[in-house]
Amino acid sequence: MSAQIFPVPTEVASRALVDDAKYQEMYDRSVKDPDGFWGDHGKRIDWFKPYTKVKNVSYDPHNVSIKWYEDGTLNAAYNCIDRHLEKRGDQTAIIWEGDDPADDAKITYRDLHGHVCRLANVLKARGVKKGDRVCIYMPMIPEAAYAMLACARIGAVHSIVFGGFSPDALAGRIQDSDCVAVITSDEGLRGGKKVPLKANADEALANCPSVKTCVVVKRTGSAINWVDNRDIWYHEATEAASADCPCEEMNAEDPLFILYTSGSTGKPKGVLHTTGGYMVYASMTHEYVFDYHDGDVYWCTADVGWVTGHSYIVYGPLANGAISLMFEGVPSYPDASRFWQVCDKHQVNTFYTAPTAIRALMREGNAPVEKCKLDSLRLLGSVGEPINPEAWIWYYEVVGKKRCPIVDTWWQTETGGILITPLPGATALKPGSATRPFFGVQPEIVDGEGKVLDGATEGNLCISESWPGQMRTVYGDHERFVQTYFTTYPGKYFTGDGCRRDEDGYYWITGRVDDVINVSGHRMGTAEVESALVLHKDVAEAAVVGAPHDIKGQGIYAYVTLNVGVEPTDALKKELVQWVRHEIGPIASPDWLQWAPGLPKTRSGKIMRRILRKIAEDEFSNLGDTSTLADPGVVDNLIDQRQNRK
Ligand code: PRX
């Protein structure tokens with residue numbers, strides 16, 4: 001592992017909110033006196049009715065219950081907008097940078113208030129009320145943020161589905177939470193290419209009778225299909241609506257949003273986050289992790305379709321009255337210099353992206369970066385997957401000019417906000433390590449039997465105590481919530497990640513230990529891709545594993561057994577890859593597909609993915625224990641095929 005240590009630069013330390021001594025002091029208090037600590041920090045949010053209780057949590061597998069600030073009332077949109085109006089109504093809230101470099105906009109907090117109120121009134125007029133679910137299927141345009149905040153304002157629960165998901169994937173998510181409305185746009189625009197969002201929504205909605213309203217933002221103006229009485233144009237409806245809409249008073253534990261994420265089994269889970277604890281945690285982590293000071297220009301390149309976009313483009317930054325940049329496009333369009341040009345154009349101070357983007361840009365060489373000044377940058381961030389030290393160093397040296405610390409932030413959709421991370425003014429950095437826990441977070445490394453391991457060690461990562469941003473349940477399936485996170489190691493939250501702790505107490509995330517693949521920082525369940533493959537008429541069986549990929553971190557490796565009599569051709573391979581794209585979306589496309597006349601199984605019929613992973617990694621001599629294989633010949637055959645491909 002990397003031995004290099006990067007101390008906190010003096011300029012960073014001089015303006016930082018927290019130095020090392022303060023981190024230690026705050027951290028100690030946060031674990032010794034969580035009620036006192038979170039009781040104080042909960043006040044960073046404006047409450048309509050202040051809470052008198054802080055933490056009320058049980059991790060007992062027979063009764064998992066997580067409540068924070070349970071008797072307080074508040075509204076998330078009020079915290080992101082209204083409370084800033086007096087002091088910073090004319091300050092920019094969102095800088096929007098379009099796909100086309102000529103397209104941009106600045107939205108002040110006052111503008112944001114008007115847009116959000118109007119859309120909230122449109123939703124209300126269509127009968128959407130507190131507790132109803134609203135699906136948002138949008139490109140990265142300001143209206144996506146307005147939609148989130150309009151839902152929050154009236155107490156509706158939003159469920160954002162990433163614009164890259166297929167009609168089927170969209171329909172499944174809408175049905176699972178019985179959404180009553182969808183907010184989408186005619187098309188999206190990414191890297192100069194149009195994404196047929198409304199057409200996808202139409203296809204999905206054919207199977208979603210609960211949806212009574214579809215609000216459509218005009219983005220490209222292309223011709224689209226229209227369903228009278230269901231579809232309404234955003235611009236027409238909001239223009240006619242009042243720009244004043246009171247905020248619904250929400251209990252701290254009322255749901256704020258659902259976000260679907262992949263697990264190791266079954267269909268995606270609706271991760272449910274509630275209002276009070278989430279807002280406290282998102283805003284607090286945003287301020288401390290990014291050392292946010294008033295006036296800083298902050299850019300998180302994520303999409304609002306993922307949790308990073310929820311917590312660190314919208315809720316965290318806006319709750320803090322920050323200037324949050326929202327980017328519609330992709331890093332490579334019009335060329336590989338785009339990110340850096342946007343940094344210069346908007347004088348970005350903090351830049352937060354994913355290792356996959358860094359690796360892709362690193363491959364383009366230094367020239368696209370060096371064309372730009374990048375002198376406004378002060379802090380860099382990384383999220384979504386482990387960052388390999390080589391990419392870290394490139395990011396640090398070429399982008400950050402050795403001036404800017406990198407915060408490698410480890411967290412999950414389930415955690416609502418960052419759990420393990422450096423703090424810029426407090427933590428010396430080690431490339432590839434997410435370093436130390438945030439306030440209140442108590443990581444534990446356990447072995448396969450659940451024994452807690454001390455000191456420098458490696459094992460499975462659990463968190464022993466709750467933090468306010470934690471998910472509360474799986475929407476509609478509390479039992480699945482308990483089973484997934486609280487039964488493997490009773491009394492602890494199990495993250496699904498492997499982790500190493502070094503001599504300095506630094507944490508190094510080693511990747512998933514379950515059947516989840518992390519593709520370009522996005523989670524994909526192997527079971528989902530397998531289910532899609534076996535839906536094809538020619539496929540008898542499929543097994544999917546993750547394999548190392550230069551840019552994506554992990555790619556999707558599919559082993560496919562065809563029905564008897566079906567010819568294994570290259571054309572069929574292409575067709576199957578297309579099939580998965582169509583069933584789930586482009587992010588689920590297999591990177592490799594290998595024919596498997598048979599799959600390695602135990603005598604009880606369980607597929608031995610461990611062996612399939614090794615074959616995909618070309619580690620033929622290191623397959624581990626194969627004594628439980630029902631038919632060892634199957635493995636030799638797969639190895640032969642893999643070797644012959646080269
Ligand atoms: O495996 C970890 C990895 O991404 C998973 C969570 O994925 P998701 O819920 O989609 O959220 C991604 C954005 C928060 C984790 O279980 N992961 C996330 N951040 C890091 C990471 N792995 C290593 N280092 C990170 N900084």
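## A walk through the model, sheet by sheet

Start by selecting the open sheet of eight strands, whose order is E12-E11-E8-E6-E7-E14-E15-E24 and whose pairing is mixed. Before you go on, keep in mind that you are looking at a predicted model. Now colour the two edges of this sheet: strand E12 (231-233) and strand E24 (473-474) each have a single partner strand, so one side of each is left without a neighbour in the sheet.

Next, move inwards to strand E8 (residues 181-185) and strand E11 (residues 213-217). These two run parallel and are joined by five bridges. To see one of those pairings, click on Ser 185 and then look across to Val 217, its bridge partner in E11. If you wonder what holds such neighbours together, strands of a sheet pair through backbone hydrogen bonds, either parallel or antiparallel.

**Helices on the eight-stranded sheet**

Keep the sheet displayed and add helix H8 (residues 167-176). This helix packs on the sheet and touches strand E6 (133-137), strand E7 (157-160), E8, strand E14 (255-261) and strand E15 (269-274). Compare the directions of H8 and E6, and you will find about 165 degrees between them. Then select helix H9 (residues 197-205), which lies across E6, E8 and E11. Its direction is at about 155 degrees to that of E8.

While E11 and E12 are still on screen, follow the loop between them to Asn 229. What is the phi of this residue? Asn 229 has a positive phi of about 75 degrees, although it is not a glycine.

**The seven-stranded sheet**

Now hide those strands and select a second group: E5-E4-E17-E16-E18-E19-E20, listed in the order in which the seven strands form an open sheet, again with mixed pairing. The edges here are strand E5 (104-108) and strand E20 (406-409); each has a single partner strand, so one side of each is left without a neighbour in the sheet. Turn the sheet to look along it: from one strand to the next, the twist averages 20 degrees.

Zoom in on strand E4 (residues 92-97) and E17. The two run parallel, with four bridges between them. Trp 96 makes a handy landmark, with Met 326 as its bridge partner in E17. Add helix H7 (residues 142-154), and you will see it pack on this sheet, touching E4, E5 and E17. The direction of H7 makes about 140 degrees with that of E4.

From E17, carry on along the chain towards helix H13 (338-345). Pro 334 sits in the loop between strand E17 (323-327) and that helix. Show the backbone here, because there is a detail to catch: the peptide bond from Tyr 333 to Pro 334 is cis, with omega near -5 degrees.

**A pair of helices early in the chain**

Select helix H2 (residues 20-32) and helix H3 (residues 34-41). Their axes are 5 Å apart, and the helices pack at an angle of about 115 degrees. Show side chains for the contact: H2 contributes Arg 29, Ser 30 and Val 31, while H3 contributes Pro 34, Gly 36 and Phe 37. By class, the contact holds three nonpolar, two polar and one charged residues.

**Sites from the record**

UniProt (unreviewed entry) lists a "binding site" made up of Arg 190, Gly 191, Gly 192, Lys 193, Thr 308, Ser 520 and Arg 581. Select them together: they span 392 residues in sequence and the farthest two C-alpha atoms are 23.9 Å apart, so they do not all gather at one spot. Gly 191 can be found in the loop between strand E9 (188-190) and strand E10 (193-195).

The same record, also as an unreviewed entry, gives residues 82-466 as "domain: AMP-dependent synthetase/ligase". Select that span, which is 31% helix and 23% strand, with its end C-alpha atoms 30 Å apart.

**Stepping back**

Colour domain 1 (108-251) and domain 2 (520-641) separately. Their centres, taken over C-alpha atoms, are separated by 37 Å. Five residues from domain 1 and six residues from domain 2 take part in the contact. On the domain 1 side, these are two nonpolar, two polar and one charged.

Finally, show everything: 21 helices and 31 strands. The radius of gyration is 24 Å, close to the 26 Å that the globule rule gives for 646 residues, so the protein is as compact as a globular protein of that length. Along the principal axes, the C-alpha trace spans about 75 × 60 × 60 Å.

Conventions. Residues numbered from 1 in each chain as written. Predicted model: local features only at pLDDT ≥ 70, side-chain atom pairs only at ≥ 80, totals over all residues. Domains from an automatic or database assignment. Contact = placed C-beta atoms within 7 Å. Nonpolar A, V, L, I, M, F, W, Y, C, P; charged D, E, K, R; others polar. UniProt positions renumbered as here; feature names shortened; annotations may be inferred. Axes fitted to C-alpha atoms, helices over the stretch in contact; angles between N-to-C directions. Pairing = 2+ DSSP bridges. Rg over C-alpha atoms; globule rule 2.2 N^0.38 Å.
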